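The following paragraphs lead the reader through a structure, beginning with one residue and moving on to helix packing and charged pairs. Please keep the sequence and the model in view while reading.

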Amino acid sequence: GVPLFGLWLVLSPKRDLFHLTLGGVTACVIALLAARLFVQPEPIAEPNGRTLLWMPWHRFALYIPWLAMQVVIASLQVTYLVLHPRLKVNPRMLRLRARFPHTLARLTFANSITLTPGTVTLDVDGDEFLVHALTESAGHDLEQSTMLARVSRLYGGKGS
């Protein structure tokens, strides 16, 4: 809060009690609200503490082209929806449950969903993913777990 208040003193031309108090309170509130931005998250590691340096990164060479193809297919489907005269959009929310060995696997799954047009991962809470799908078929495709199985194979885990 002190650096913020110092910046406020440099930038503010007013030095009366009201403005000094307002500047100090504002600096403290901003410092409290921003504190969580500076807390370092735990490192991405397996539950046993082993880091991901051991991971078979060569598996990405197979996963990235598959994901790119899914993005292209979904892009064509969304383009068709947008250009269709009746705009056959039928949005839905769905919850997917997936067990992954570590945070990086969950992050990969959530980002893969979001990268695919027509679907967005809204929230991840442990092993549960809240996803918005633009159409019924996009949601159904996610529920079929093809992407879940691919990400599980990528990290050598078991999706459920």
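Isoleucine 73 counts as partly exposed, because its relative accessibility is 37% and partly exposed covers the range between under 20%, which is buried, and over 50%, which is exposed. The model in which this value was computed is a predicted one. Isoleucine 73 belongs to helix α3, which spans residues 60-83. On the surface, Ile73 joins Met69, Val72 and Leu76 in a nonpolar patch, and together these residues have about 370 Å² of accessible area.

Helix α3 also takes part in a helix pair. Two packed helices are described by the angle between their axes and the distance between the axes. For α3 and helix α4, the latter comprising residues 103-115, the angle is about 30° and the axes lie 9 Å apart. Which residues meet where α3 and α4 are in contact? From α3 come Tyr63, Leu67 and Val71, and from α4 come Thr108, Ser112 and Leu115. Sorted by class, this contact has 4 nonpolar and 2 polar residues, with no charged ones.

Charged residues come into view elsewhere. Side chains of opposite charge can pair when their charged atoms come close. The structure holds 5 salt bridges, and one of the pairs is formed by the side chains of glutamate 136 and arginine 92, at 3.3 Å from N to O. Glutamate 136 lies in helix α5 (residues 136-143) and arginine 92 in strand β1 (residues 92-97), so this salt bridge ties together parts that are 44 residues apart in sequence. With a relative accessible area of 42%, glutamate 136 is partly exposed.

Arginine 92 has a further partner: its side chain meets that of glutamate 143 in a salt bridge of 2.9 Å, N to O. This pair, too, links distant parts of the chain, with glutamate 143 in helix α5 and arginine 92 in strand β1, 51 residues apart. Glutamate 143 counts as partly exposed because its relative accessibility is 37%. Arg92, Glu136 and Glu143 are thus linked in a network of salt bridges.

Strand β1 contributes to another charged pair. The side chains of arginine 95 and glutamate 128 form a salt bridge at 3.1 Å, N to O. Here arginine 95 in strand β1 is linked with glutamate 128 in strand β3 (residues 128-133), across 33 residues of the chain. How do the two partners stand in exposure, exposed or partly exposed? Arginine 95 is exposed, because its relative accessible area is 55%, whereas glutamate 128, at 21%, is partly exposed.

Methods. Residues numbered from 1 in each chain as written. Predicted model: local features only at pLDDT ≥ 70, side-chain atom pairs only at ≥ 80, totals over all residues. Heavy atoms only, no water. Patch = residues over 30% accessible without salt bridge, like charges linked within 9 Å, V, L, I, M, F, W, Y side chains within 5 Å. Areas by Shrake-Rupley, 256 points an atom, 1.4 Å probe, with all protein chains shown as cover. Salt bridge = Lys/Arg side-chain N within 4 Å of Asp/Glu carboxyl O. Helix = DSSP H or I, 4+ residues; strand = E, 2+ residues; numbered from the N terminus. Buried < 20%, exposed > 50% of the residue type's maximum accessible area, 1.4 Å probe, protein only. Axes fitted to C-alpha atoms, helices over the stretch in contact; angles between N-to-C directions. Contact = heavy atoms within 4.5 Å. Nonpolar A, V, L, I, M, F, W, Y, C, P; charged D, E, K, R; others polar.
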